[in-house]
Amino acid sequence: MGGATLLPLLVDAYAAQHPGGNSAQATQSVAVHLVVLESVLGHGMPLDRLAPLRVAAVEMGRRGQAYPKLEPAPRSWELTVVDIVGEDTEPERAVTCDRYVRSVWEAWKGLHGPVVDGWQRAAASQLDR
């Protein structure tokens, strides 16, 4: 998938698209992946800042600021990873990968944008301390 600018976010999008059960771990996982997507797509954070951001987002959940489960979750998806795999060429897969990542972020943002943005801002504020 060479050339996909959002390829480093593929796992985050996939995890957010498959939110899992009702456990605290599943809830935190979705929250952290959405914070990452929001950071890059909503705030333009450089990809090289994502590792410390992930740590900050996880630590927020561990410090007693547990993430609430976001309900409702999106009921349908514009794209899935099957759409990426189904493309015939690497350039087509790269374009579809980027579209997929954006579509997952947009689906969640449409339902819970202000909440995720608040989490993102709180996690990002921890980076330069």
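These are my notebook entries on a core, a helix pair and one serine in this structure.

**Ground rules.** I am working with a predicted model, where local features need pLDDT of at least 70, side-chain atom pairs count only at pLDDT 80 or more, and totals for chains, interfaces and linings use all residues. Residues are numbered from 1 along each chain as its sequence is written, and side-chain values use heavy atoms, leaving out hydrogens and water.

**The core.** I looked up the largest nonpolar core (buried Ala, Val, Leu, Ile, Met, Phe, Trp, Tyr and Cys residues joined through side-chain atoms within 4.5 Å). It has 34 residues, and Leu9, Leu34, Leu37, Leu53, Tyr100 and Val101 touch the most other members. Two or more residues come from each of α1 (10–17), α2 (24–42), α3 (50–62) and α5 (90–125); helices here are DSSP runs of H or I, at least four residues, numbered from the N terminus.

**Val101.** I then listed its contacts (heavy atoms within 4.5 Å). Leaving aside residues up to four places away in sequence, Val101 touches Leu6, Leu9, Leu10, Ala13, Leu37 and Leu41.

**α1 against α5.** Which residues meet here? I found Leu10, Ala13, Tyr14, Ala16 and Gln17 of α1 against Cys97, Tyr100, Val101, Val104 and Trp108 of α5. Nine of these contact residues are nonpolar, one is polar and none is charged, with Ala, Val, Leu, Ile, Met, Phe, Trp, Tyr, Cys and Pro counted as nonpolar, Asp, Glu, Lys and Arg as charged, and the others, Gly among them, as polar.

**Ser103.** Is this α5 residue buried or exposed? Ser103 is buried (under 20% relative accessible area, 1.4 Å probe, protein chains only), at 6%. Ser103 touches Glu78 and Leu79, again not counting residues up to four places away in sequence.

Key:
Buried < 20%, exposed > 50% of the residue type's maximum accessible area, 1.4 Å probe, protein only.
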